Amino acid sequence: MERTKQGFEVLVRSHAGELYSFAYGMCRDNHLAEDLVQETFLRAWKHLHTQRDHHGLRAWLYTILRNEHARQYRKRSNETIDLDELKVVAPKVFDASTEAFVLRRALQSLPDAYREPLLLQVLGGFSCTEIAGMLDLTPDNVMARVSRARRKLRDLLRTEGEENSIREIS
Amino acid sequence: MNCLECRRLLMTEPLDRDVDFRHHLDTCEVCAREAERAWEFEGKLRDSLITAPQPGLEERILLARLLKRQRISSRIMHWSLAAGLALSLGLSGWFGHGLMNGVSGPSAVSMAVMEHIQDELDVLEKRYPITSEGLGQLLSHFDARLTGDLGRVNFADRCNFMHTKAVHMVLQGEHGPVTVLMMPDSPLERLEQIDRDGFSGIVLPTKYGSLAVVADHPEPVHVLAHRVQRAVSWEI
């Protein structure tokens with residue numbers, strides 16, 4: 001694809017929001033999520049000429065972001081987190097209902113192996129076959145992961161609901 | 001498409017537009033109700049995950065490109081200094097602690113166990129109960145035999161593991177499936193805990209090699225390991 005300023009701006013304005021949601025779902029830190037999205041687009045700009053057409057561009061952007069997240073994760077796993085930093089990591093805008101809060105918390109308790117393909121499916125709208133290609137897995141493996149992720153989320157929600165009912169009764 | 005296939009699809013690709021899937025939902029009331037529930041859940045899940053960035057993200061990206069790859073962060077700069085200091089202190093503390101306690105990283109066997117589980121996650125979903133005869137036949141390839149009760153076994157097969165063969169089983173635990181790997185050609189020096197990517201369990205040395213018991217949810221893995229040890233005898 002040709003690298004033009006206008007084309008890049010369209011790309012950024014079309015996908016920055018959804019990539020941010022995915023990045024935030026992966027790292028739960030709005031500053032890091034923003035850094036990941038910026039880095040994704042900067043890398044995309046550098047290699048845009050390697051993309052032949054628009055088909056697959058979204059999947060490519062998600063793959064860059066995933067790789068960058070893995071790189072950042074490796075880098076940060078040795079760092080000590082400043083507790084003051086944690087106070088400001090909440091994003092500005094999201095569904096503030098209790099149910100959404102519970103869902104987000106439940107999602108964070110999922111193993112990475114389940115959370116990532118589920119985020120790609122729910123936020124990216126990719127099929128299991130497409131996700132399999134992105135994660136270098138078999139479609140069966142991806143199906144198992146998203147299925148187990150959903151089952152676990154439902155179980156966690158059910159448990160949370162039951163605990164709330166008990167609290168209300170007592 | 002039958003009801004089972006339909007329910008499976010509702011868990012794996014609930015928004016699939018497959019014609020057979022849609023046709024089944026049009027003709028099966030029970031599945032249609034289940035689909036409504038699944039779609040409602042998907043909507044809530046998606047809504048809960050959509051998060052808006054700080055205003056101006058797109059402009060910052062466009063500006064960063066103009067400034068030739070300098071990321072424009074909304075973060076306060078002095079955090080970098082604080083993080084640097086914390087990192088220095090953290091690393092010196094970690095190294096000191098590690099040296100004093102003789103801590104070492106996970107063994108190659110433990111890492112290979114996790115890789116194998118991740119590579120074959122789909123078998124956690126298998127639900128064919130394996131009979132004692134089937135298990136006995138599988139174990140006979142390893143000069144081992146079944147001498148006790150393993151409980152319900154959902155899956156069992158021979159797998160390639162670190163250039164050798166291993167027994168890969170999925171037992172039905174108290175709260176869900178539990179992976180058991182018996183690795184006759186992969187000796188281990190001491191018991192190791194696994195706690196990675198949401199999976200936890202143990203890998204322990206045995207007379208024949210090593211044994212791993214790992215789950216993605218809380219399970220009494222030591223009890224299960226003991227059960228496996230008692231139920232399988234090795235001619236070694």
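**Exercise 1. What covers the buried residues of α4(B)?**

Work on the predicted model. List the buried residues of the helix, then name their cover.

*Solution.*
- Step 1. Helix α4 of chain B spans residues 57-66. Its buried residues are B:Leu57, B:Arg60, B:Ile61, B:Leu62, B:Ala64 and B:Arg65.
- Step 2. Recall the geometry: an α-helix has 3.6 residues a turn, so residues three or four places apart point the same way.
- Step 3. Look for the cover. It includes α1 and α2 of chain A.

**Exercise 2. Describe the interface of chain A and chain B by residues, area and salt bridges.**

*Solution.*
- Step 1. Take the residues. Chain A gives 67 to the contact and chain B gives 54.
- Step 2. Take the area. The size of an interface is often given as the accessible area lost when the parts come together. Here about 5600 Å² is buried between chain A and chain B. Carbon and sulfur atoms give 56% of that area.
- Step 3. Take the charges. The rule finds eight salt bridges across the interface of chain A and chain B.
- Step 4. Check a pair against the cut-off of 4 Å. A:Arg148 and B:Glu125 form a salt bridge, with their closest N and O atoms 3.2 Å apart.
- Step 5. Add a charge over a ring. A:Arg154 lies over the face of B:Phe41, 5.1 Å from the ring centre.

**Exercise 3. How many aromatic pairs does the structure hold over all chains?** Work through two of them.

*Solution.*
- Step 1. The count is eight over all chains.
- Step 2. Start with A:Phe8 and A:Phe41. Their centres are 6.4 Å apart and their planes stand at 85°. Edge-to-face needs over 60 degrees, and this pair is edge-to-face.
- Step 3. Place the two rings. A:Phe8 sits in helix α1 (residues 5-27) of chain A and A:Phe41 in helix α2 (residues 30-47) of chain A, so the pair ties together parts that are 33 residues apart in sequence. Both A:Phe8 and A:Phe41 are buried. Together with A:Trp45 they form one aromatic cluster.
- Step 4. Now take A:Tyr114 and B:Phe199. This pair is also edge-to-face, at 6.1 Å centre to centre and 65° between the planes.
- Step 5. Trace the crossing between chains. A:Tyr114 lies in helix α6 (residues 112-122) of chain A, and B:Phe199 lies in strand β7 (residues 199-205) of chain B.
- Step 6. Test burial. The limit is under 20% relative accessible area. A:Tyr114 has 0% relative accessibility, so it counts as buried. B:Phe199 has 2%, so it counts as buried too.

**Exercise 4. Examine the positive phi values of A:Arg28 and B:His163.**

*Solution.*
- Step 1. Set the background. Most residues other than glycine have a negative phi.
- Step 2. Read the angles. A:Arg28 has a positive phi of about 55°. For B:His163 the positive phi is about 65°. A:Arg28 is not a glycine, and neither is B:His163.
- Step 3. Locate them. A:Arg28 is in the loop between α1 and α2 of chain A. B:His163 is in the loop between β3 (153-161) and β4 (164-172) of chain B.
- Step 4. Are they buried or exposed? A:Arg28 counts as partly exposed, at 23% relative accessibility. B:His163 is exposed, with a relative accessible area of 88%.

**Exercise 5. Summarise chain B.**

*Solution.*
- Step 1. Chain B has eight helices and nine strands.
- Step 2. Of its 236 residues, 43% count as buried.
- Step 3. Chain B exposes about 13200 Å², and carbon and sulfur atoms supply 55% of it.
- Step 4. Consider contacts in chain B between residues at least 6 apart in sequence. Of these, 51% join residues at least 24 apart.

Definitions and conventions. Residues numbered from 1 in each chain as written. Chains lettered and ligands numbered in written order. Predicted model: local features only at pLDDT ≥ 70, side-chain atom pairs only at ≥ 80, totals over all residues. Heavy atoms only, no water. Helix = DSSP H or I, 4+ residues; strand = E, 2+ residues; numbered from the N terminus. Buried < 20%, exposed > 50% of the residue type's maximum accessible area, 1.4 Å probe, protein only. Contact = heavy atoms within 4.5 Å. Areas by Shrake-Rupley, 256 points an atom, 1.4 Å probe, with all protein chains shown as cover. Phe/Tyr/Trp six-rings, centres within 6.5 Å; stacked < 30°, edge-to-face > 60°. Lys NZ or Arg CZ within 6 Å of the ring centre and 35° of its normal. Buried area = accessible area lost by both parts, 1.4 Å probe. Salt bridge = Lys/Arg side-chain N within 4 Å of Asp/Glu carboxyl O.
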